Structure formats: C-alpha cells, structure tokens
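Reader: Could you take a close look at one part of this model for me? I'd like one connected walk-through rather than a list.

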Amino acid sequence: MVLVRVVPMASSSSIRPTLSSLRFLTPSSLSLSNPSSRISFSHLPSPSVSQSNSFGLKASRELRQHGNSTRIMASGHVSQSISAASPENVLEWVKQDKRRMLHVVYRVGDLDRTIKFYTECLGMKLLRKRDIPEEKYTNAFLGYGPEDSHFVIELTYNYGVDKYDIGTGFGHFGIAVDDVAKAVELIRAKGGKITREPGPVKGGRSVIAFIEDPDGYKFELIERGPTPEPLCQVMLRVGDLNRSIEFYEKAFGMELLRTRDNPEYKYTIAMLGYGPEDKSTVLELTYNYGVTEYDKGNAYAQIAVGTDDVYKTAEAIKLAGGKITREPGALPGINTKITACLDPDGWKSVFVDNVDFLKELE
C-alpha cells in the first residue's frame, strides 16, 4: 500500500467530533434519516429540497445563554437568538473561534470496494463502519488517524444506488506521500487508475500524480515529508476567486495561505485553512479563467467544521453573504447544535458545536 508517514498530531484546542447519525433528506431514491445515537452529515440536498431528521435518542431540554435571549418554545425545544452585536464584533469573533476541518462527506456506489481501495492502495485505516438497514444506507469513516484529531472521510452508500454524478465543480482530494513514484507503482499494481503520471506540477516544482478511485473521485498524490495530516486537501472549483476568498476568510475564519496564478494554463488557485499546509488540511479553491458556474452533480456532499458557537457562526455567514440552509440550534431529540450553509458558489458546509460533539464521542 502507499507509504504515508504520519507524525504525531499536536494537541488542539478545537475538538474533533465523530459524526454518524444526522441525515438530510434528498430525493426519494436516497434514504438519509438516521435514528442512531451518533451524528453524521452524509448527504447534500439542493436548497429546494425539504430537510427532516429522525433520531433515536430521547428528547432533552437545554438552556444555553446567548446574552439574555433564551426562550423555551411550547414544544419543549429551546429557541435561541443572539443578543445585539455589531457586525464588526461578530466577524472579529470568527477569527478567535476554535475551528478545524473535521471531515468530508461523499457518496459511493459500492462501499466494500471503496474501502478495499482506500485501505490497500491509499494506506488509510477503516475507523468504523455503520449500517442502518431501516433507513437503507451504510456509512464508513476512513483516514490516517483518530477522528478526534484528524481530518477523515465519511463514505455513504445508499442501498441500490450504484452510481453518482460527480459533476464538474468538485476537483480532488489531496494526500501527502513520501514518494509519489513508488505510490503510483503500488496503486498501478493493484489495478488502480493513474490519470497523471508522477512529475512536477504545472507552473511549479512540487512532484505530484493523479489517480482515480473506483467511483471516479480524483486524488492528487503530493510528494511531501512526514506530516500529522496526510489527508491534506479538498479542492473545489469556484466562479469568482476573490469573492470566495473573502467569504471563507470572513465567514469561516480561514487564513489565506497562498495564491498561485498560472496564466499559461489559464487558472488561479488559492489555499485556505486553519493552519499551515504541511500540518493541517486545507481548502484549495480553483478559478479557471472565464468559467463562472459548474455542475455540482449529486456525489460530493460537504465538509464539516467544528465551532464553539453555531449561533455566532450563522450570523457571521449571513454577514459575509452566505446562505443559511439550516438555522442554528439543537437537533430534535438530541443536544448537539449545528448550522448549515452554502457559500457563494453553492458549496455546502456544516458547522457543529465542539463541546456537544465531544459528548457524542463519549
């Protein structure tokens, strides 16, 4: 299998949750609700699709103060609103929030086949697998370290659905390896598909290669020394790079790590994240000259990000021009608080409360 050297992850003040039971409803062919006692964000509905959730835990009441504005609804749920704060204060708070990219969610047509490829060819570990027969789906979590300290992949298999449309907007995932050439030969020997042979990146010096998994998702292999976070990139295409950079800086609190323009090949990239590229997972945004819209398909779902306060997060997203697709609050029947949003290009993210998910892990 691919040799991926993982150095110990430094302790982080942000808590990485395990996500395994919330399902957002999509068209009837995909069954997404999950009554299990853990939480998972495994599907990406379009904004026009209604959302509902089913849970197997007893409902609980929670009183959490945001200023002086907590009120209990007749149904027993808690409705919370943020006390008046200036936009400047909210956006400044984002910079101080304890955030980290937690996992990425996407759908596959044959779960066992994908697990075999990721473990044998990419050197990942199967962290856990969960089947929900009453809801007709199974999910699996894979990565290079525990979910509480590493960015991981959540795969979702919906019974009877063996193919998805990846679209043109999703780009690839990045994996840091010691030796790209050796990694490619190992993958080739196991029947993997190589779409770009090892060599320097266009317009740069980093040695890379590209492969495809059995469902057609692309992985970029990046030659790099030992790192605490081998699963190091998620690349998405956007229609206005400056607009996207501003949004992710303001709403997500990400840092713009670098940009690179390649006029010869007519594209520009921007790397954003919560830490340096060699030590943490980053979001790579790509702008292709003159292309303002992309087909997102129905395969890729979303990323999840931890936060200390989903209410302030939602306010910041609105102030930055994002669209809230799920208002912040505790999930029905469970105390975990979340909010979900779309960026200006329609890419979805879910923010989850750090402390609540620590409880879910326990």
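Is Cys232 buried or exposed, and what is its relative accessible area?

Author: Before the answer, a word on the ground rules. This is a predicted model, so local features need pLDDT of at least 70 and side-chain atom pairs count only at pLDDT 80 or more, while totals for chains, interfaces and linings use all residues. Residues are numbered from 1 along each chain as its sequence is written, and side-chain values use heavy atoms, with hydrogens and water left out.

Now to Cys232: it is buried, with a relative accessible area of 1%. Buried here means under 20% relative accessible area, exposed means over 50%, and partly exposed is in between, using a 1.4 Å probe and protein chains only. Cys341 also counts as buried, at 1% relative accessibility. As for disulfides (a pair of cysteine sulfur atoms within 2.5 Å), the structure holds zero.

One residue that touches Cys232 is Ser280. Ser280 also contacts Glu229, Tyr274 and Gly275, leaving aside residues up to four places away in sequence; contact means heavy atoms within 4.5 Å. You'll find Ser280 in the loop between β13 (267–273) and β14 (282–288). Strands are DSSP runs of E, at least two residues long, and helices are runs of H or I of at least four, numbered from the N terminus. With 16% relative accessibility, Ser280 counts as buried too. Its side chain makes polar contacts with two backbone oxygens: that of Gly275 at 3.1 Å and that of Pro276 at 2.9 Å. A polar contact is a pair of N or O atoms within 3.5 Å; within protein, one must be able to donate a hydrogen and the other to accept it, and residues adjacent in sequence count only if both atoms are side-chain atoms.

Next, the strands around that loop. β13 and β14 pair antiparallel over seven bridges, and Met271 has Glu284 as its bridge partner in β14. Two strands pair if DSSP finds at least two bridges between them. β14 also runs parallel to β11 (residues 231–237), joined by five bridges, with Gln233 opposite Val282. β14 is mostly covered, with five of its seven residues buried.

Stepping back, these strands belong to an open, mixed sheet of eight, in the order β8-β9-β10-β7-β11-β14-β13-β12. β8 (193–200) and β12 (255–262) are the edge strands; each has a single partner, so one side of each lacks a neighbour in the sheet. From one strand to the next, the twist averages 20°; axes are lines fitted to C-alpha atoms, for helices over the stretch in contact, and angles run from 0 to 180 degrees between N-to-C directions.

Finally, a helix that packs against part of this sheet. In α4 (residues 241–250), Leu241, Ser244, Ile245, Phe247 and Tyr248 are buried. Seen down the α4 axis, the buried residues fall within an arc of 165°, so they line one face of the helix; the arc is that of the directions from the helix axis to the C-beta atoms. Their cover includes β12, β13, β14, α5 (310–319) and β17 (337–342). At the N-terminal end of α4, Asp240 acts as a cap, with a side-chain oxygen 3.3 Å from the backbone nitrogen of Asn242.
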